[in-house]
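Let's take a walk through this model, one spot at a time. Keep the viewer open and follow along.

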Amino acid sequence: MAVEDNNLKVLNALDLAKTQLYHFTAIVIAGMGFFTDAYDLFSISLVTKLLGRLYYTKPDLLKPGTLPPAVSASVTGVALVGTLVGQLFFGWLGDKMGRKKVYGMTLVIMVVCSVASGLSLGNTPKGVMTTLCFFRFWLGFGIGGDYPLSATIMSEYANKKTRGAFIAAVFAMQGFGILFSGIVALITAAGFDHAYKSPTFQENAALSTVPQADYIWRIILMFGSLPAALTYYWRMKMPETARYTALVAKDAKRAAQDMGRVLQVEIESEEAKIEQISRDETNQFGLFSWEFVRRHGLHLFGTCSTWFLLDIAFYSQNLFQKDVFSAVGWIPKAPTMNAVQEVYKIARAQTLIALCSTVPGYWFTVAFIDIIGRFAIQLMGFFFMTVFMFAIAIPYHHWTLEANRIGFIVMYSLTFFFANFGPNATTFVVPAEIFPARLRSTCHGISAAAGKAGAIVGAYGFLYAAQSKDPMKTDAGYPAGIGIKNSLIVLGFINALGMVCTFCVPESKGKSLEEASQETISTGEA
C-alpha cells in the first residue's frame with residue numbers, strides 16, 4: 001500500500017493542492033469534449049421522425065413515413081457501435097502513447113465527422129442513410145476516445161479531496177450537451193416553421209413536409225462540432241499528466257517541471273525514486289496476468305457490469321423517450337402535425353426533461369460525491385431507478401389516461417434524475433480512480449465499452465421490444481413486441497441487478513490514486 005510520506009513529491013503536491021484556476025480550466029477543456037459527445041449521441045433522437053417523413057413517406061399512406069426498422073436501428077445505434085470501438089482503442093492508446101497526444105486526435109475526428117454527418121448526400125434515401133451511418137460510426141469512434149481520456153486526465157490532475165467532484169463535473173457537461181441539442185432543435189424548428197408555413201399531414205399529406213425541412217436535421221447534427229472546435233487550442237496546450245509522465249514514461253524531471261509550472265511551485269524531480277519504482281516487481285503486472293485478476297479482477301467486473309446494466313436502461317430511456325411521450329399523449333399524434341412542428345414538439349419534451357431532471361441530477365452528484373461517496377450514490381441511484389421504473393410500468397394503463405399524464409412525466413423525470421444523481425455519473429468516475437496508472441486509461445475504456453454494449457442492447461432491443469403485442473398496431477415493418485409496459489418492467493429488473501453488482505465496486509473517496517489502485521509507490525524510506 002502506498003505510504004503518503006514515501007510518495008513522489010510531485011504526486012503529493014497534486015494530491016494536496018488547493019482548488020485553483022487550473023482545475024477549472026481542465027474541467028472546461030475536458031468537459032467541452034463531453035458536451036459535444038452528448039450533443040452528438042442524443043441529437044439524433046430529435047431528427048429520426050423527420051428523416052422518416054422526408055425520405056420514407058409514400059403518397060398512398062394514411063400516416064407519415066417512418067424509418068424502416070433496420071434503418072432506424074442503424075441510424076440510432078451505429079454511433080454507439082463506433083463509440084464502443086473507440087473506447088477500447090483509444091483507452092489502450094492513452095496508456096501506450098500518453099493521454100495528451102491521443103486527446104487531440106479524438107477531438108479532430110469528432111469535429112470533422114460531426115460536420116460530415118450533416119453533409120450526408122445520396123440520390124436515394126438509402127444513399128443518404130448509408131453516408132449518414134458511415135460518418136456517425138466514425139463520429140462515435142472519436143467520441144469513444146473522449147471517455148477514458150477525459151476521465152483519466154481529470155483524475156490525474158485533481159487533488160484527492162475534491163477529485164470525485166472534478167471528474168463528475170466533466171461528465172456533467174453531458175447534461176448541458178443534451179439540453180443544448182434540444183434548444184438548437186427548438187430554435188431551428190421554430191425558425192423554419194415561421195419561414196415556411198405548411199399544413200398538417202391530415203390536411204394535406206404531400207405539402208406537410210416542406211423541401212426546406214431537409215436542412216433542419218443537417219443544421220442540428222452539425223452544430224455540435226462548434227464547442228469542441230473552440231477548445232482544440234487549449235486541449236493541445238495542456239501538459240501531459242504527472243502520473244503518466246512519472247509512473248508510466250518514467251520521466252521524473254519532466255513531470256516535476258510540468259506540474260511545477262501548473263501549480264506555480266518548485267517541485268523536486270526525485271529521479272532516484274522513479275528508478276527504484278521502475279525496478280519494483282510488484283508494479284510490473286499486465287492486464288492479462290493472474291496478479292491483475294487477483295488485485296483488480298472483481299473491480300473490473302464491477303465497473304463493467306454496473307455500466308453495462310445502467311446503459312441498457314439509460315440509453316433506451318433517452319433515445320426513445322419521444323416514443324414513450326407519444327404513447328401517453330404528451331406529444332400529439334404524428335398526423336396532427338406537419339414535419340417541422342413534430343421536430344419542435346419532440347425537442348420541447350426532451351428539453352424540459354433535460355432541464356428539470358437530467359441536468360440537476362448531474363450537479364447533485366458533483367455536490368455530494370466527495371461527501372457521501374461513490375458507492376452510496378450508485379446504490380441509491382439504482383434503488384430509486386428501480387422503484388420509479390416499477391411505479392411507472394406496473395400501473396402503466398393508469399398513466400396513459402389523460403388525467404394522469406403529468407404524474408407520468410414526473411415519475412419518468414425522477415428515473416432520469418436518479419440515473420444522473422447515481423450510476424450514470426459514478427460509473428464514469430470510479431474506473432478512473434481504482435486502476436494503476438499504466439492500465440488506468442485501458443481499464444476505463446474497457447468499462448466504458450461494456451457500458452456502450454449495454455447502450456446498444458438498449459437502443460436496438462427497446463426499439464423492437466416496445467412494439468405493440470398486436471401485430472396490427474406495430475410501426476411499419478416491425479414484428480409484434482412485448483409492449484411498452486413489459487419493456488419498462490424489464491428495465492426495472494435490469495436496474496435492480498445493477499444494485500447487486502454495485503457491491504463489487506470499491507469506495508475511493510478521500511484516497512490518493514495510488515491508495516485507491518493499490519499501486520505501490522513506497523520506496524522503503526523511514
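**A threonine in a loop, and onward**

T231 is buried, since its relative accessible area is 8% and the cut-off for buried is under 20%. Keep in mind as you look around that this is a predicted model. To find T231, go to the loop between helix 8 (225-230) and helix 9 (232-237). Its side chain reaches back to the backbone oxygen of A228, at 2.9 Å. If you skip the neighbours within four places in sequence, T231 is in contact with I29, M32 and L107.

Now step back along the chain to helix 7, which covers residues 214-223. Which residues are buried in this helix? They are D214, I216, W217, R218, I220 and L221. As for what covers them, the list includes helix 2, helix 4 (99-118), helix 5 (125-157), helix 6 (163-195) and helix 15 (339-372).

R218 deserves a stop of its own. Is this arginine buried or exposed? R218 has a relative accessible area of 12%, and because buried means under 20%, R218 counts as buried. So what does its side chain find there? One polar atom of the R218 side chain lies 3.1 Å from the backbone oxygen of G118. The R218 side chain also reaches the backbone oxygen of S120, at 2.6 Å. Leaving out residues up to four places away in sequence, R218 touches Y55, G118, L119, S120 and V128. If you want a sense of scale, pick T426, which sits 208 residues from R218 along the chain: their C-alpha atoms are separated by 33 Å.

Helix 2 was among the elements covering helix 7, and it makes a good last stop. Helix 2 runs over residues 21-56, helix 3 over residues 69-97, and their axes come within 9 Å of each other. They cross at roughly 150 degrees. Angles over 145 degrees count as roughly antiparallel, so that is the label for helix 2 and helix 3. The crossing is right-handed.

Which side chains should you display to see the two helices meet? On the helix 2 side, pick L41, I44, T48, L51 and Y56; on the helix 3 side, these meet V71, V75, T76, A79, L80 and T83. Sorted by class, this contact between helix 2 and helix 3 has 8 nonpolar and 3 polar residues, with no charged ones.

Terms used
Residues are numbered from 1 along each chain as its sequence is written. This is a predicted model: local features need pLDDT of at least 70, side-chain atom pairs count only at pLDDT 80 or more; totals for chains, interfaces and linings use all residues. Side-chain values use heavy atoms; hydrogens and water are left out. Axes are lines fitted to C-alpha atoms, for helices over the stretch in contact, and angles run from 0 to 180 degrees between N-to-C directions. Helices (H or I, at least four residues) and strands (E, at least two) are DSSP runs, numbered from the N terminus. Angles under 35 degrees count as roughly parallel, over 145 as roughly antiparallel, 65 to 115 as roughly perpendicular and the rest as oblique. A crossing is left-handed if the near helix is turned anticlockwise from the far one by less than a right angle, and right-handed if clockwise. Contact means heavy atoms within 4.5 Å. Ala, Val, Leu, Ile, Met, Phe, Trp, Tyr, Cys and Pro count as nonpolar, Asp, Glu, Lys and Arg as charged, and the others, Gly among them, as polar. Buried means under 20% relative accessible area, exposed over 50%, partly exposed in between (1.4 Å probe, protein chains only). A polar contact is a pair of N or O atoms within 3.5 Å; within protein, one must be able to donate a hydrogen and the other to accept it, and residues adjacent in sequence count only if both atoms are side-chain atoms.
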